[in-house]
Amino acid sequence: MTLKNHMEEWREHPIYTNYQLSSMGNIRTKNRRDEWYIKTCPIKKHHPPRDNGELGYRYTSLGLGSRTQRVVRRIGKMVCEAFHGLSPSPKFTCDHINRITTDDRAVNLRWADSSCQAVNRVLAKGPTNEQNITLTKYNKYRVGFYRNKEKVFDACFDTLEEAVFNRDAFLASL
């Protein structure tokens with residue numbers, strides 16, 4: 001079942017059919033009067049805290065029919081399941097394309113294996129103050145990404161602006 005409301009598309013979860021997920025990363029369920037209401041979802045902070053300031057993931061607790069049976073699930077994974085289908089295999093997990101773990105919009109989520117997510121992983125900022133860009137000893141800006149210990153993108157640029165543009169273009173192509 002698909003419902004639309006002010007640019008926000010709602011889809012029923014394929015497993016937890018009492019719940020609907022929106023394209024904007026919201027979740028709703030019906031109350032006892034059979035009316036839909038949106039649940040608020042807290043952010044669980046990473047432990048230990050991450051250096052990059054990343055907050056953590058949004059979670060919700062789902063009722064499984066009885067008042068005592070509950071399961072805790074990540075909102076991002078549920079949105080991915082509702083809009084992109086169930087995971088193609090156990091090796092695939094929900095990936096936040098823009099690397100912001102609280103951005104659970106359907107357009108920001110995809111199924112990816114660990115090697116694809118490793119390419120998308122945020123690396124520490126170097127002297128350039130940009131992710132995945134280093135300054136070579138020849139004053140060139142190198143953009144490098146690896147998958148399964150093999151280079152998938154490695155290029156040098158004369159300016160930082162060129163390096164940032166090409167890094168972003170590569171990440172968008174994943």
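The following questions and answers cover a predicted model.

Colleague: What should I know about numbering and cut-offs in this model?
Modeller: Residues are numbered from 1 along each chain as its sequence is written. The model is predicted: local features need pLDDT of at least 70, side-chain atom pairs count only at pLDDT 80 or more, totals for chains, interfaces and linings use all residues, and side-chain values use heavy atoms, with hydrogens and water left out.

Colleague: How many helices and strands are in the protein?
Modeller: Both are DSSP runs, numbered from the N terminus: helices are H or I with at least four residues, strands are E with at least two. The protein has three helices and 13 strands.

Colleague: What percentage of the residues is buried?
Modeller: Buried means under 20% relative accessible area, exposed over 50%, and partly exposed in between, with a 1.4 Å probe and protein chains only. Of the 174 residues in the protein, the buried share is 39%.

Colleague: Which strands stand at the edges of the sheet S11-S12-S13?
Modeller: Two strands pair if DSSP finds at least two bridges between them. The three strands form an open sheet in the order S11-S12-S13, with antiparallel pairing. Each edge strand has a single partner, so one side of it is left without a neighbour in the sheet. The edge strands are S11 (133-135) and S13 (150-157).

Colleague: Which helix packs on that sheet?
Modeller: Contact means heavy atoms within 4.5 Å. The helix touches S11, S12 and S13, and its direction makes about 20° with that of S12. Axes are lines fitted to C-alpha atoms, for helices over the stretch in contact, and angles run from 0 to 180 degrees between N-to-C directions. The helix is H3, residues 160-173.

Colleague: Are the rings of Phe 145 and Phe 153 stacked, edge-to-face or tilted, and what makes them so?
Modeller: Phe 145 stands opposite Phe 153 in S13; Phe 145 is buried at 2% relative accessible area, and Phe 153 counts as buried at 19%. Rings of Phe, Tyr and Trp (its six-membered ring) pair if their centres lie within 6.5 Å; planes under 30 degrees apart count as stacked, over 60 as edge-to-face and the rest as tilted. Here the centres are 6.4 Å apart and the planes stand at 55°, so the pair is tilted.

Colleague: Which residue joins Phe 145 and Phe 153 in a cluster?
Modeller: The count of aromatic pairs comes to three. Ring pairs link Phe 145 and Phe 153 into a cluster with Phe 170.

Colleague: Which element gives the largest share of the largest nonpolar core?
Modeller: A nonpolar core is a set of buried Ala, Val, Leu, Ile, Met, Phe, Trp, Tyr and Cys residues joined through side-chain atoms within 4.5 Å. The largest has 15 residues; Leu 21, Ile 27, Leu 62, Met 78 and Val 79 have the most contacts inside it. Strand S3 (19-22), helix H1 (75-84) and strand S10 (109-112) each give two or more residues. The largest share, six residues, comes from H1.

Colleague: Is Ser 22 buried or exposed?
Modeller: Ser 22 lies in strand S3. Leaving out residues up to four places away in sequence, Ser 22 touches Glu 8, Glu 9, Trp 10, Val 79 and Phe 83. At 0% relative accessibility, Ser 22 counts as buried.

Colleague: What is the phi of Asn 139?
Modeller: Most residues other than glycine have a negative phi. Asn 139 sits in the loop between S11 and S12 and is exposed, at 56% relative accessible area. Although Asn 139 is not a glycine, its phi is positive, at about 60°.
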